[in-house]
Amino acid sequence: MTTDALKADTLGAIAAADSPEALEAVRVAALGKAGGITQLMKGLGALAPDERLRVAPVYQALREEVSAALEAKKAALGRAALTARLAAERIDMSLPAAMQPVGTVHPISQVMDELSEIFADLGFAVAEGPEIETDWHNFTALNIPPEHPARAMHDTFYARPEGGDESTRMVLRTHTSPVQIRTMMSQKPPIRIIAPGRVYRSDSDATHTPMFHQVEGLVIDRGIHLGHLKWTLETFVKGFFEVDDVTLRLRPSFFPFTEPSVEVDVGCSWEGGTLKVGGTSSWLEILGSGMVHPKVIANCGLDPDEWQGFAFGCGIDRLAMLKYGMTDLRAFFDADLRWLRHFGFASLDVPTLSAGVGA
Ligand code: DAH
């Protein structure tokens, strides 16, 4: 092929290339290792000196012209692609659009806010304690001494003791009850607190996750008795489930930190395959409670002859499931966006008693 024909061919192919891939194929055919122009340049060495002097500038000029044409075409194709993309991505900002909620409040946070609202109305403050707790606060001070069988029931996550000294061993708190201890040791009675928060047990199936949530309640005052406990729990359950027809069943039970101890069931009924609060055809255990054991009061440096109180502990996840109709506890912690959008709450819907908590 003559140089002119090669030039005309290549420039024609560049002009006809309609995509970066087609253009690249033309470049390889002309300037690649085995390309037409590359071959011409390679052949220069074998020519006689006179001949080489004559054709070398011609080949060079050809190579430069083709390179420039390739560059120009590449830039043109890039601009065309950008224009096409901009046209495709065009958004008409003047069209009216519904507000999409960006994030939602998790049902656990929602229930904690609802509980705080209900109990604030009864004069309770919200207390907190650490999730990595001392063995003493989590067990011993709550009248669960070392070797007590109740420790085995808690499936505790133990931290490695510092320097092998068992007495300094920390635990992931197995319940919110150690907040009772911390509150009694740091505040003077009368005390009225709730303590919602995370707790940990080494347990996992459809109804148990290794991390879950509880709310603790504690009242310490003079002359407190079981009647106060029952009224408080009834008021709480009615407010939380927003039903007046609530029946509570108090069953004698045992907890090392309360005497007497009661477990509380709420009356329920089955409606179209789901359990609803109200009625008495079914019972669901929702919390443990009792009168704070005199030993626990004494462990916190208070005189049990002067101060009495009641306490309760309740699974928040279970409350949320019962109120909002979730069936699998594990879904709470899967961070599945579809689940969160379905069960989540609008961030501006702050629960208030007047508007109905969680309505
Ligand atoms: N801490 C207990 C648990 O996790 C629940 C509990 C029962 C808390 C009775 C209390 C109480 O305050 O009085 O199983």
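**Exercise 1.** In this predicted model, work out in which sense strands S6 and S7 pair, and over how many bridges.

*Solution.* Start by finding the two strands: S6 covers residues 248–255 and S7 covers residues 258–271. Next, look at what links them: a hairpin of 2 residues takes you from S6 to S7. Now check the pairing itself, which is antiparallel and runs over 7 bridges. To see one of the matches for yourself, pick Pro-252 and look across to S7, where its bridge partner is Val-262.

**Exercise 2.** Find which residues come nearest to the ligand, and look for polar side-chain atoms close to its own atoms.

*Solution.* Begin with the surroundings: 15 residues sit around the ligand, and the nearest are His-175, Ser-177, Arg-201, Gln-214 and Glu-216. Then go through some of these side chains one by one, keeping in mind that a polar contact here is a pair of N or O atoms within 3.5 Å.

- Ser-177 has a side-chain N or O atom 3.0 Å from a nitrogen atom of the ligand.
- Arg-201 puts a polar side-chain atom 2.9 Å from a ligand oxygen atom.
- Gln-214 has a polar side-chain atom 3.0 Å from an oxygen atom of the ligand.

**Exercise 3.** How much of the ligand does the protein bury, and which elements give two or more residues to the shell around it?

*Solution.* First, take the ligand alone: it exposes 360 Å², and the protein buries 90% of that. Second, trace the shell back to its strands: S5 (211–221), S9 (282–292) and S10 (308–315) each give two or more residues. Last, sort the shell by class, and you get 9 polar, 4 nonpolar and 2 charged residues.

Conventions:
Residues numbered from 1 in each chain as written. Predicted model: local features only at pLDDT ≥ 70, side-chain atom pairs only at ≥ 80, totals over all residues. Heavy atoms only, no water. Pairing = 2+ DSSP bridges. Helix = DSSP H or I, 4+ residues; strand = E, 2+ residues; numbered from the N terminus. Near = heavy atom within 4 Å. Polar contact = N/O pair within 3.5 Å; in protein donor to acceptor, adjacent residues only side chain to side chain. Areas by Shrake-Rupley, 256 points an atom, 1.4 Å probe, with all protein chains shown as cover. Nonpolar A, V, L, I, M, F, W, Y, C, P; charged D, E, K, R; others polar.
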